[in-house]
Structure formats: C-alpha cells, structure tokens
2 protein chains.
Amino acid sequence: MITAKKLRNLGGANYLPKRIQMQNNKVTIHDIAKALNLDSSTVSRALNDSPRVIQKTKDIVLAKAAEMGYQRNHLASSLRKSKTNTIGVIVPRISRHFFSSVISGIEETAYEAGYTVIICQSLEQFNREKKIINTLLGQRVDGVLMSISMETKDYKHLEVLKKQGIQLVFFDRHCDIPNYSNVLIDDFNGGFEATEHLILKGCKHIAHFSGPQNLEIYKNRFKGYKHALSKHNLPFEEALVFPSKLMEEDGRKNSEKLLALPNPVDGIFSANDVAAIGAMKYLTDNGVKIPEDIAIVGFSNEPISTVINPALTTINQPGIEIGKAATELLLKHITTKNGALDAQTIIMDSNLIERQSSKK
Amino acid sequence: MITAKKLRNLGGANYLPKRIQMQNNKVTIHDIAKALNLDSSTVSRALNDSPRVIQKTKDIVLAKAAEMGYQRNHLASSLRKSKTNTIGVIVPRISRHFFSSVISGIEETAYEAGYTVIICQSLEQFNREKKIINTLLGQRVDGVLMSISMETKDYKHLEVLKKQGIQLVFFDRHCDIPNYSNVLIDDFNGGFEATEHLILKGCKHIAHFSGPQNLEIYKNRFKGYKHALSKHNLPFEEALVFPSKLMEEDGRKNSEKLLALPNPVDGIFSANDVAAIGAMKYLTDNGVKIPEDIAIVGFSNEPISTVINPALTTINQPGIEIGKAATELLLKHITTKNGALDAQTIIMDSNLIERQSSKK
DNA sequence: ATTCAAAATACAATCGATTGTATTTTGGAT
DNA sequence: ATCCAAAATACAATCGATTGTATTTTGAAT
C-alpha cells in the first residue's frame with residue numbers, strides 16, 4: 001500500500017499531484033519532530049506540557065505545531081490511553097424541552113472539560129435503550145449519563161457498563177438500585193406542592209394523572225400527591241388516579257373518563273405538562289371552564305405551558321443546572337481512580353410556578 | 001508499565017486480583033486468535049467477512065467471538081482505516097421541534113448504515129459554530145450535516161472541511177455558495193402559499209415578519225411573499241416588512257409597531273411559528289381578534305402551533321424525511337471515491353396546514 | 001506418488017500518540 | 001580539565017485492527 005507517509009518520504013510532497021497533497025494534509029507529531037530534528041516522544045511530551053521537556057523546547061514545538069496546523073489525532077491518543085474523553089447521553093427524546101435543556105447543560109460542562117458528547121434517544125423504548133448501550137460501549141465512552149425510558153423495568157442491560165468500569169450517572173429518571181449516582185429534583189415534594197397548591201385554592205376532589213410506576217419519579221410524585229391529601233384531611237380515592245404514559249392523547253382520554261365520574265372532580269395534578277395540555281384541550285372543548293370548574297397543575301414547565309390558554313401552573317425543573325451537575329458528578333467519578341468515589345444523590349431545587357390554570 | 005496483556009501472558013488471569021481481571025476484560029482479535037490457534041489477521045478477515053477466509057473458519061471465529069463477548073474496538077479500526085464512521089450534525093438548537101425531528105431522521109438512517117452521530121448546537125452563534133467545526137475535525141468525522149446559524153454571514157470556517165476532504169451537506173438553512181449539496185424545502189413556494197392563502201381569505205394588507213436575510217430560507221420566504229402580492233395585484237409596502245431574529249419577543253415587538261401603523265394590517269405571514277405565537281399573544285392581549293381582525297400564518301408547524309388558541313395555520317416541513325434524505329445524500333458523498341459525486345440539491349415537499357388562525 | 005496452481009492462512013508493517021527505559025547533554029563542583 | 005548527578009532528549013514497545021506480502025496447505029490433474 002502506498003501511504004501518504006511513504007510518499008512524503010520518497011521525494012517530498014512537491015512531486016505529488018495537488019489533490020493527494022491536499023487530501024492527507026493531516027500533520028502528525030512525527031512531521032513536527034522531523035521538522036525540528038527532535039524525537040516524536042519529545043514532541044508529544046511538549047504538546048502535553050510534560051515536566052520532562054524544557055520550556056524552550058516546548059515553545060519551539062508549540063510554535064511549529066501551530067505553524068503546521070497540527071491537530072491531535074484523538075483516535076490514536078484514545079487508543080493508546082484507552083480513554084476517549086467521550087461521554088454518552090441517553091434521553092427518552094430530545095424534543096422534550098426539559099431534556100434538551102439538560103443536554104445544553106451537559107454539553108457546556110463537558111466541552112469545557114475537554115469531553116465530547118454523544119447524544120442518543122431511547123424514544124421511550126426498552127429495546128432501543130439496550131441497543132444504545134451497546135453502541136456506546138462500542139464507542140468506548142468513558143461514562144454515561146442517562147434518564148431511563150418508560151418501558152424500562154429491569155436493569156440487567158446496565159450491568160455491562162459497571163462490569164467494564166464505565167461510570168454511570170442518572171438524572172431525572174433514575175433507578176432505585178443502590179451504588180449509582182443520581183441528580184434529581186425532589187419529586188415527592190414537587191407532587192406535594194402541586195397538590196397542596198390545588199387544595200389551598202379550594203379544590204376538594206383532586207385527580208392525579210400518574211406516570212408509569214416503574215419510574216421512581218412518577219412513584220414519588222404520586223406519593224407527594226397522597227401526602228398532601230392526607231395532610232389536609234382529604235380522602236384518597238383510587239378512582240381519581242389515572243395511570244398512563246402521559247402523552248397528550250392520554251390526557252384527553254383521562255379527562256373523558258374523569259368527566260364520567262359520579263363525584264365531580266375540581267382539580268387535576270398531572271405528572272407532566274403534556275398530559276395536562278391534552279386534558280385542557282379536551283375539557284375546554286367540552287365546555288368545562290378552567291380554572292373555575294377544574295383547576296390544573298402540570299409538571300416540568302415545558303414552553304407550551306405558557307402558550308396554552310389559560311397558561312398552565314406547573315413545577316419548574318432547572319434542566320440546565322441538572323445537566324451541569326450531572327456532568328460534573330460523572331466527570332468526578334471518571335477521574336477518581338478505581339471508581340473509588342462513592343455513589344451520591346444530588347437533589348436540585350424545583351419550584352411551583354403559578355399561572356392562570358389554577359387561579360380560583 | 002504493566003499492561004493487562006503482559007499480566008495475561010505472565011501466568012494467566014487466575015492469579016490476578018478479581019478487580020483487575022474484570023476491569024480490562026476487553027477481548028481483542030488477538031485473544032480470539034490465540035484461543036483458536038489462528039493468526040489475528042485471519043480473525044480480522046473472518047470478522048469482516050473477507051473472501052480470503054474459508055467459510056468454515058469464519059463460522060468458528062464468529063462463534064468464538066460471540067462466546068468471548070468480543071466487541072470491535074472502533075478506535076483501532078478507525079485509526080488504521082482513517083475512517084471513523086462518524087458524522088457530525090450542527091443545528092442551531094435541538095430544542096426546536098423541527099430540528100429534533102430532523103435529528104431523529106438522521107439518527108435512524110445513520111445507525112442503520114453503521115454510523116454514529118455527534119450532535120452539536122450552535123445556539124445561533126457564529127463563534128460556537130466555528131468552535132464546533134474544529135471539535136468535529138478533531139473527532140475526525142467522515143462528514144458533516146449542518147444548518148447554519150442566524151449569525152453566520154461568511155463561510156470561510158467551512159473551507160477547512162473541504163480542504164480536509166470532509167463531506168458537507170446542508171439541510172434547511174443552507175448557503176448560496178456552489179459545490180455544496182443541500183436538502184431543502186421550497187421556501188419560496190412556502191412563502192408564496194402562505195401569503196396567497198391569506199389573500200384568498202380576503203386579506204389586503206399583509207405584513208411579513210422576516211428573518212435574517214443572510215439566510216437563504218428567509219430570503220426565499222420573503223420573495224414568495226412578494227410574489228404572491230404581485231400575482232394578486234396587491235402593492236408591496238416596505239413598511240409592512242418587519243425583520244428580526246424571529247424569537248417570541250420579536251413577534252411581540254413587531255405586533256406593537258404594526259398596530260401603530262396608519263393603515264391597519266389584516267394579515268400576517270411570519271417566517272416562523274415562534275414569532276407568530278409571540279404576535280398572537282400580544283395581539284390577543286391588546287384586544288385584537290384573531291383571525292377576524294388579523295389572520296396569521298406561521299412557518300414550520302411546531303407543536304405549539306396546535307396548542308395556541310386559535311390554532312396556528314402554518315407551513316409543514318417534513319423534518320424526519322429531511323433528516324433521512326440529507327443523511328443518505330451525505331453517505332453517498334462519503335462512499336463515493338475522491339469526492340467525485342457532484343453536488344446536488346434535493347427539494348422536499350412542504351404543505352400548508354390550515355387551522356383557526358386564518359379562518360375568515 | 002508428484003506437481004502445481006489456487007486457496008487458505010501466517011507474517012509483519014502500519015495508523016498516530018503515549019510512555020517506560022535508555023542514552024546523551026548540561027552545568028556545577030572539584 | 002574531569003567527574004557526576006540531574007536534566008533533557010532519544011529509543012522502542014504498545015494500544016487493537018487492518019492489509020500488502022509471504023508462506024503453507026489443499027486438492028485436482030498427471
């Protein structure tokens with residue numbers, strides 16, 4: 001095989017057709033070494049600011065590297081160091097505003113620390129989640145940040161990561177298994193605040209649109225709902241709980257069922273904004289006045305919650321901050337030798353934003 | 001340095017502490033070769049289904065690889081082949097529904113073809129766009145799909161890609177420079193349809209919220225607007241054109257100016273949905289009835305356009321299909337030797353979706 | 001049984017950066 | 001000028017897969 005290097009060594013690039021000269025214009029440390037009459041190991045150490053190279057030499061190397069347009073080949077570096085400076089991110093879907101905010105936070109922190117980010121969507125499918133894990137393994141990521149899909153009920157597919165020493169930090173949708181780090185908001189408290197808010201507005205029969213109970217976040221929001229009821233001496237009624245995947249369509253269907261109840265509902269706490277919006281559309285279309293007849297509180301503060309009329313009261317989740325915190329924690333895990341850093345759970349602040357949908 | 005391999009060669013993994021044994025359990029082709037008493041080159045060829053290896057051997061190798069849990073090291077492979085099977089994607093922001101749809105289409109097509117995708121956000125900033133290009137170069141991507149930022153006015157930063165033989169395909173927000181492939185919708189026609197729709201609804205004084213005119217898409221939507229006016233013998237008035245970056249706030253401010261005009265406006269064609277929504281909010285708050293007083297048409301069919309009341313008439317852009325087509329085109333460029341494939345522009349279908357905001 | 005292409009496999013260099021070890025250089029003390 | 005430890009740099013192996021070339025094996029024809 002005739003390689004560019006061989007060609008270079010044969011008689012200088014001057015004799016090459018221009019196209020070839022341009023195509024493989026990747027400068028290597030060997031090119032710099034040759035140009036400066038140094039060894040490539042010295043060039044490498046100079047570029048990495050090693051104490052084993054004198055400052056004067058470093059200056060010369062750096063200058064030459066800049067002059068020649070050198071750019072480190074991460075592939076070679078990663079292969080040698082068996083560290084890719086890459087982290088994988090798995091989210092249910094990037095189109096959800098909350099997740100895209102988290103990703104922005106992740107990217108910012110990661111890039112600053114010299115890491116590249118690979119973003120993947122599970123689209124709420126367990127099978128895709130499994131495939132993605134394999135892809136990320138193949139990419140030899142140093143760590144993974146993830147929010148599990150709604151379909152995920154067992155966590156065997158995550159064991160490969162641990163076995164291969166790949167750090168894993170959950171954000172938002174975490175698992176209840178020990179020894180994993182998490183960055184969360186206090187979903188129990190969020191659910192509690194949302195429900196108590198409705199109670200303080202005078203609601204007596206509050207329905208709850210709950211999410212898949214295999215996910216801790218939805219379990220906890222549900223618990224918060226129950227706690228608020230009991231604190232204010234309201235009875236908990238199983239019939240007022242509507243479990244679903246919290247899509248817009250679910251919000252609609254739930255509302256239909258809800259209107260058929262014998263005892264009229266006067267408040268809804270939905271575990272996310274999307275289902276709340278679905279409910280608002282259905283209810284409004286069917287002559288129910290919001291918030292007069294039924295007050296509604298959502299969860300996540302998606303941008304649509306300010307577009308719908310009346311604007312939706314919701315629990316704000318600081319996506320960017322969650323992303324930043326999760327990334328910092330992951331990088332700490334990665335850079336701590338032997339995975340010796342103990343798992344920890346960081347709780348971020350969330351807060352209720354009151355809008356028209358709950359103003360009585 | 002004591003490597004896992006050395007340790008393995010010394011006396012077998014049995015003598016190693018369990019932790020170390022587990023950490024570097026990456027199986028290589030050499031491990032498979034040793035286990036089968038073959039050469040690593042034969043194993044490599046077997047795994048790559050080369051005709052130089054007999055089927056029986058392939059079967060044996062494949063079986064052993066599966067048994068040992070082998071996973072190809074892409075770093076090594078990419079380094080040797082100087083091809084990473086990775087493509088970079090640059091979008092203004094992933095939180096825009098249109099772009100996240102495009103990304104879904106890109107990922108689907110790319111993963112099927114064995115490519116990994118690195119997603120980056122310019123956040124509409126030229127400087128970030130430049131940085132991202134460098135990051136992607138460092139990652140040695142095989143190709144780039146991009147939609148330029150609103151701030152991008154010169155394209156020198158893209159020349160590095162061409163110089164290094166990295167294929168580049170634009171989608172949606174393209175450049176007017178030749179020799180680049182594009183996947184677009186017909187923005188001129190979209191602008192025309194949107195405006196003509198308003199005219200057919202009886203509007204006589206139609207304002208246009210235009211985007212940055214350095215971007216072809218906004219230039220063309222603007223041209224379409226003008227063309228519809230002239231076709232229907234309506235005068236074009238410079239005063240009815242409101243240029244901005246099309247954020248929600250811009251929609252609000254434009255509406256304020258628009259209401260102050262001597263000659264009342266009875267229709268608005270906004271070059272995107274977000275600014276249209278901003279306008280709708282402001283106008284509704286100020287007693288203007290939509291669509292009775294002012295009819296509105298947006299562009300892109302963001303999900304919010306169905307949430308706002310009245311629902312927003314808009315031009316639908318098939319994001320997923322655009323993503324798929326752009327990826328297919330890019331992969332064709334990548335796999336065609338010497339970049340010999342001529343640049344081409346693919347126009348995808350778009351269509352107007354009529355909703356309440358323009359029903360007169 | 002012998003011969004010899006063709007088929008199958010082995011050998012060895014390579015991608016570019018890193019890093020442990022070996023060698024040379026430097027400059028201060030004698 | 002000589003010596004020597006410390007400083008600076010060079011040498012060479014390595015990460016894991018790929019691939020051009022060399023060698024061995026196979027099996028069909030004689």
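**Figure 1. Helix H3 of chain A passes helix H5 of chain A in a right-handed crossing.** This view, like those that follow, is taken from a predicted model. The two helices span residues 29-36 for H3 and residues 55-68 for H5 in chain A, and their axes come within 10 Å of each other while crossing at roughly 120 degrees. On the side of H3(A), the residues that meet the partner helix are A:Asp31, A:Ile32, A:Ala35 and A:Leu36, and on the side of H5(A) they are A:Ile60, A:Val61, A:Lys64, A:Ala65 and A:Met68. Sorted by class, this contact holds 7 nonpolar and 2 charged residues, and no polar ones.

**Figure 2. A:Asp49 lies in the loop between helix H4 (40-47) and H5 of chain A.** The phi angle of A:Asp49 is near 55 degrees, which is a positive value in a residue other than glycine. A:Asp49 has 10 C-beta neighbours inside 10 Å and therefore counts as exposed, since the limit for that class is 12 or fewer.

**Figure 3. Strands S7, S6, S8 and S9 of chain A, in that order, make an open sheet of 4 strands with parallel pairing.** Strand S7 (241-243) and strand S9 (295-297) of chain A stand at the edges with a single partner strand each, so that one side of each has no neighbour in the sheet. From one strand to the next, the twist averages 15 degrees. Within this sheet, strand S6 (residues 206-210) of chain A runs parallel to S7(A) and is joined to it by 3 bridges, and A:Phe209 has A:Phe242 as its bridge partner in S7(A).

**Figure 4. Strand S5 (residues 181-185) of chain B is largely enclosed by the rest of the structure, because 5 of its 5 residues are buried.** Both faces of the strand are covered, with B:Ser181, B:Val183 and B:Ile185 buried on one side and B:Asn182 and B:Leu184 buried on the other. Strand S4 (residues 167-171) of chain B runs parallel to S5(B) and is joined to it by 3 bridges, while strand S11 (residues 345-348) of chain B pairs with S5(B), also in the parallel sense, over 4 bridges. B:Val183 appears in both pairings, as the bridge partner of B:Phe171 and as a residue whose own bridge partner in S11(B) is B:Ile346.

**Figure 5. A:Asp187 is found in helix H10 (residues 187-200) of chain A.** With 27 C-beta neighbours inside 10 Å, A:Asp187 counts as buried, a class that begins at 20. When its neighbours within four places in sequence are left aside, A:Asp187 is in contact with A:Ile217, A:Asn220, A:Arg221 and A:Gly224. A:His333 stands 146 residues from A:Asp187 along the chain, and the C-alpha atoms of these two residues are separated by 25 Å.

**Figure 6. Two peptide bonds that precede a proline, one in chain A and one in chain B, are cis.** In chain A, the cis bond joins A:Ile290 and A:Pro291 with omega at about 5 degrees, and A:Pro291 lies in the loop between helix H13 (273-285) and S9 of chain A. In chain B, the cis bond runs from B:Asn309 to B:Pro310 with omega near 0 degrees, and B:Pro310 lies in the loop between H14 and strand S10 (314-316) of chain B.

**Figure 7. B:Ser300 has its place in the loop between strand S9 (295-297) and H14 of chain B.** Although B:Ser300 is not a glycine, its phi is positive, at about 120 degrees. B:Ser300 has 24 C-beta neighbours inside 10 Å and so counts as buried.

**Figure 8. The contact between the two chains takes 36 residues from chain B and 36 residues from chain A.** On the side of chain B that touches chain A, the elements that give two or more residues are helix H2 (18-23), helix H6 (74-81), helix H7 (97-112), strand S2 (116-121), helix H8 (126-138) and helix H14 (304-307) of chain B. The residues of that side divide into 14 nonpolar, 18 polar and 4 charged.

**Figure 9. A turn of 180 degrees and a shift of 0.1 Å along the axis lay chain B on chain A with an RMSD of 0.1 Å.** This is the relation of a two-fold axis. The same surface serves both copies, as 100% of the contact residues of chain B recur in chain A.

Note on methods. Residues are numbered from 1 along each chain as its sequence is written. Chains are lettered from A and ligands numbered from 1 in the order in which they are written. This is a predicted model: local features need pLDDT of at least 70, side-chain atom pairs count only at pLDDT 80 or more; totals for chains, interfaces and linings use all residues. Two residues are in contact if their C-beta atoms, placed from the backbone, lie within 7 Å. Ala, Val, Leu, Ile, Met, Phe, Trp, Tyr, Cys and Pro count as nonpolar, Asp, Glu, Lys and Arg as charged, and the others, Gly among them, as polar. Two strands pair if DSSP finds at least two bridges between them. Copies are superposed by least squares on the C-alpha atoms of residues with pLDDT of at least 70 in both. Axes are lines fitted to C-alpha atoms, for helices over the stretch in contact, and angles run from 0 to 180 degrees between N-to-C directions. A crossing is left-handed if the near helix is turned anticlockwise from the far one by less than a right angle, and right-handed if clockwise.
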